[in-house]
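This briefing is meant to be read with the sequence and the model side by side. Please keep both in view while working through the topics below.

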Amino acid sequence: MDMIKIIGVGILGAAFALIVKEYKPQMALGVGITTAIVVFLMILSQVEYVVEIIYMTTSRLNLNMEYIAAILRMIAVSYLSQFGSEICRDAGQNAIAAKIELAGKIIIVALSVPILLALMNLLIGLLP
């Protein structure tokens, strides 16, 4: 049912943006950004639910929460950089969108360093 609401908000926002664009083109971008933020807020409860389940499962399995948190941060950076770059593309700013995507990729690599180091230490420990 949530997906139907999200689609409805998206279609209404797109239609409103098209109507506004005819009369006040500079306001159409604001309508688009506002619609995107509303959709993002609508899915936030689902994201919180998934994160909660992941944390509950990892605590039961006695996994290192530091690594799980790093993976979740990487996923968040990925989604947020995509979200930001798409808004910039909608505004016709492809160069800025590309820089946001590049920044997201660099941040993901930086966040993955502790996991890569732990993996290397594990592999070194397995060598005779």
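What follows is a short overview and then grouped points on helices, charged pairs, polar side chains, loops and the surface.

The model is predicted, and its local features are restricted to residues with pLDDT of at least 70. Helix 3, which runs over residues 65–90, has buried residues that pack against helix 2 and helix 4. A search of the whole structure finds two salt bridges, and Glu86, Arg89 and Glu101 are linked in a network of such bridges. On the surface, a nonpolar patch includes Leu117 among its members, and this residue belongs to helix 4, which covers residues 94–126.

**Helix 3 and its ends**

- At 1.5 Å a residue, the 26 residues of helix 3 should span 38 Å, and the end C-alpha atoms are 37 Å apart, so the expected and modelled spans agree.
- The buried residues of helix 3 are Ile68, Ala69, Ala70, Leu72, Met74, Val77, Ser81, Gly84, Ser85, Ile87 and Cys88, and they pack against helix 2 (25–60) as well as against helix 4.
- The N-terminal end of helix 3 is capped by Asn64, which places a side-chain oxygen 2.9 Å from the backbone nitrogen of Glu66.
- Just after helix 3 comes Gly92, whose phi is positive, at about 85 degrees.

**The salt-bridge network**

- Which residues are linked in a network of salt bridges? The network consists of Glu86, Arg89 and Glu101.
- Side chains of opposite charge can pair when their charged atoms come close.
- Within helix 3, the side chains of Arg89 and Glu86 meet in a salt bridge with an N to O distance of 3.8 Å, and because these two residues are three places apart in that helix, about one helical turn separates them.
- Arg89 also forms a salt bridge with Glu101, for which the closest N and O atoms are 3.0 Å apart; since Arg89 lies in helix 3 and Glu101 in helix 4, the pair ties together parts that are twelve residues apart in sequence.
- The three members of the network are each described as partly exposed, with relative accessibility of 29% for Arg89, 33% for Glu86 and 22% for Glu101.

**Buried polar side chains**

- Thr35, placed in helix 2, has a relative accessible area of 15% and is therefore counted as buried.
- A polar atom of the Thr35 side chain lies 2.8 Å from the backbone oxygen of Val31, while Val9, Gly10 and Gly13 are the residues that Thr35 touches when those up to four places away in sequence are not counted.
- Ser81, in helix 3, is likewise buried, with a relative accessible area of 13%.
- The backbone oxygen of Ser78 lies 3.1 Å from a polar atom of the Ser81 side chain, and, leaving aside neighbours within four places in sequence, Ser81 is in contact with Ile100 and Gly104.

**The loop between helix 2 and helix 3**

- Most residues other than glycine have a negative phi.
- Asn62 has a positive phi near 55 degrees, although this residue is not a glycine.
- This asparagine, Asn62, lies in the loop between helix 2 and helix 3, and at 68% relative accessibility Asn62 counts as exposed.

**Surface and separations**

- Val113, Leu116, Leu117, Met120, Ile124 and Leu127 form a nonpolar patch on the surface, and together they have about 570 Å² of accessible area.
- Within this patch, Leu117 is partly exposed, with a relative accessible area of 45%.
- Asn121, which is in helix 4, is exposed, with a relative accessible area of 53%.
- Asn121 and Thr34 are 87 residues apart in sequence, and their C-alpha atoms are 46 Å apart in space.
- Gly8 is found in helix 1, residues 2–23, and is partly exposed at a relative accessible area of 28%; from Gly8 to Val39 the separation is 31 residues in sequence and 9.9 Å in space, C-alpha to C-alpha.

Methods. Residues are numbered from 1 along each chain as its sequence is written. This is a predicted model: local features need pLDDT of at least 70, side-chain atom pairs count only at pLDDT 80 or more; totals for chains, interfaces and linings use all residues. Side-chain values use heavy atoms; hydrogens and water are left out. Patches are made of residues with over 30% relative accessible area and no salt bridge: like charges are joined within 9 Å, nonpolar side chains (Val, Leu, Ile, Met, Phe, Trp, Tyr) within 5 Å. Accessible areas come from the Shrake-Rupley method with a 1.4 Å probe; for residues, only the protein chains shown count as cover. A salt bridge is a side-chain nitrogen of Lys or Arg within 4 Å of a carboxyl oxygen of Asp or Glu. Helices (H or I, at least four residues) and strands (E, at least two) are DSSP runs, numbered from the N terminus. Buried means under 20% relative accessible area, exposed over 50%, partly exposed in between (1.4 Å probe, protein chains only). The expected span of a helix is 1.5 Å times one less than its number of residues. Contact means heavy atoms within 4.5 Å. A polar contact is a pair of N or O atoms within 3.5 Å; within protein, one must be able to donate a hydrogen and the other to accept it, and residues adjacent in sequence count only if both atoms are side-chain atoms.
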